[in-house]
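Student: I would like to go through this model with you and ask, for each term, what justifies using it.
Tutor: Then let us look at it together and set each value against its definition.

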Amino acid sequence: MNDTVWQHFHLCPQGDPDHTIRDAALAVRDGKVAWLGAARDLPAEFAAWPRENLGGAWVTPGLVDCHTHLVYGGQRADEFAMRLAGVSYEAIAKRGGGIVSTVRATRAASEAELLRASAARLEPLIAEGVTAIEIKSGYGLDLDSERKMLRVARELGRRYPVSVYTTFLGAHALPPEFANRADDYIGEVCDRMLPALADEGLVDAVDVFCERIGFTLAQSERVFEAAARRNLPVKMHAEQLSNSGGTALAARYRALSADHLEFLDEAGVAAMKEAGTVAVLLPGAYYFIRETQLPPIDLLRRYDVPMAISTDSNPGTSPSTSLVAMLNLACTLFRLTVPEVLKGVTQHAARALGQHERHGELAVGREADFVAWSVDTLAELAYWIGRPLTQRVVRAGDTVYLRDAHPILEPAPLHAFDR
């Protein structure tokens, strides 16, 4: 990592397009931001440093994908076809499909196979500007398989230029061997799986799927109590398919986030505000399962609850490897504004991970994680669908992706078309 001054760009240091610096400069020392501001104010101490020219690009903090299920075996395209034919998500789950079908494929896969498959999903996210990501377990549902998933997630963080945060989601679904014994399985999660995995340093946070096809409030609370005994933060899949009161429970335990939230009510929103719990909105899942119940966006705004946006990358309900595409979906489906979605993948997403002191904002002393975008206005990030916008991705001061270095197609001479 060399000391460098990045120059000739427009800076959005907090992911908020209402607060920007035109013609900015950013000095990086030992992978951290040493100074940032208007280029004309660059202190003399940096005058002799090497320069990197960003050619008028817009620069934001590195993006944060705060809710993913990136590590799994197989895929579920056939279930997608079934849903198109009119079969509901719940009906598929009751037939042994859904999460449990991915459990079978994940248990059967080796660590090496899971690593290769997951890396193929991670690489496009990095190329699109993601510098921090959460990866959940929850497709193993036994100790050895959950361990395997979390080990692969940690290995992705070692092999790739991205900060990986792991979440133990053992309470994701009921495995076949515990059929009709949900309380017994929660005991396995709390008394055996979580302690072992936490002791091995594989767990940064704990999640639970609180839903009528998942786990009850009482069972979810047992998971939260087990996490508290290990001083681990919690989060919850809540109010996705029904209003069960899970968000209020999560708020009582000061959860980092409550995620999905289509059926959230005002009492739950108020509880989130009081607890400082982030609302993680997942427009990819909403779109993919053709949900019609919108999250209570106006209530979340009224109570000033931070709203994060994430891919929910998973095989059954959001097979997405594009966080930028989620910006457009959140705007078009949920009617979020451009400032809301950009903050939702930077500062608010970092807060949903409990990592807002490290990610989601460019400031002196923080790691120099940022993205240079080939756009004229930041609104383009939520506007284009499928168009590559990333010019360069920088993590800890080092360029880890440079689009022009790997052109997809060499352009033919213009005269080749003049025939």
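Student: At what angle do helix H5 (residues 143-159) and helix H6 (residues 182-199) pack, and how far apart are their axes?
Tutor: In this predicted model, where local features need pLDDT of at least 70, side-chain atom pairs count only at pLDDT 80 or more, and totals for chains, interfaces and linings use all residues, H5 and H6 pack at an angle of about 30 degrees with their axes 10 Å apart. Residues are numbered from 1 along each chain as its sequence is written, and side-chain values use heavy atoms, with hydrogens and water left out. The axes are lines fitted to C-alpha atoms, for helices over the stretch in contact, and angles run from 0 to 180 degrees between N-to-C directions; helices (H or I, at least four residues) and strands (E, at least two) are DSSP runs, numbered from the N terminus.

Student: Which residues of H5 and H6 meet, and what is the handedness of the crossing?
Tutor: Leu143, Glu146, Arg147 and Leu150 in H5 meet Arg192, Met193, Ala196 and Leu197 in H6, where contact means heavy atoms within 4.5 Å. The crossing of H5 and H6 is right-handed, a term used if the near helix is turned clockwise from the far one by less than a right angle, with left-handed reserved for the anticlockwise case.

Student: What makes the four positions His67, His69, His237 and Asp312 a group?
Tutor: UniProt, in an unreviewed entry, places the feature "binding site" at these four residues. They span 246 residues in sequence, yet no two of their C-alpha atoms are more than 12.3 Å apart, so they gather at one spot. The UniProt positions are given in the numbering used here, feature names are shortened, and annotations may be inferred rather than shown by experiment.

Student: Why is histidine 67 called buried?
Tutor: Buried means under 20% relative accessible area, exposed over 50%, and partly exposed in between (1.4 Å probe, protein chains only); because histidine 67 has 0% relative accessibility, it counts as buried. Histidine 67 is found in the loop between strand S5 (63-65) and helix H1 (77-84), and, leaving aside neighbours within four places in sequence, its contacts include Lys136, His237, His260 and Asp312.

Student: Which of the other three annotated residues count as buried, and on what values?
Tutor: Histidine 237 counts as buried at 4% relative accessibility, histidine 69 is buried with a relative accessible area of 3%, and aspartate 312 is buried with 2%. Histidine 237 is found in strand S9 (residues 234-238), histidine 69 in the loop between S5 and H1, and aspartate 312 in the loop between strand S12 (307-309) and helix H12 (323-334).

Student: How do you know that the side chain of histidine 237 makes polar contacts with those of histidine 67 and histidine 69?
Tutor: A polar contact is a pair of N or O atoms within 3.5 Å; within protein, one must be able to donate a hydrogen and the other to accept it, and residues adjacent in sequence count only if both atoms are side-chain atoms. The side chain of histidine 67 makes such a contact with the side chain of histidine 237 at 3.3 Å, and the side chain of histidine 69 does so with that of histidine 237 at 3.4 Å.

Student: Why is proline 233 called partly exposed?
Tutor: Proline 233 has 31% relative accessibility and therefore counts as partly exposed. This proline lies in the loop between helix H7 (217-229) and S9, and its contacts, beyond neighbours within four places in sequence, are Asp204, Ala205, Val206 and Leu256.

Student: What makes strand S6 (residues 130-136) mostly covered, and with which strands does S6 pair?
Tutor: In S6, 7 of its 7 residues are buried. S6 pairs in the parallel sense with S5 over 3 bridges and with strand S7 (residues 163-171) over 5 bridges, where two strands pair if DSSP finds at least two bridges between them. Aspartate 65 stands opposite isoleucine 133 in S6, and the bridge partner of lysine 136 in S7 is threonine 167.

Student: Why are strand S3 (32-38) and strand S15 (398-402) said to stand at the edges?
Tutor: The open sheet of 7 strands has the order S3-S2-S1-S4-S13-S14-S15, with mixed pairing. S3 and S15 each have a single partner strand, so one side of each is left without a neighbour in the sheet. The twist averages 35 degrees from one strand to the next.
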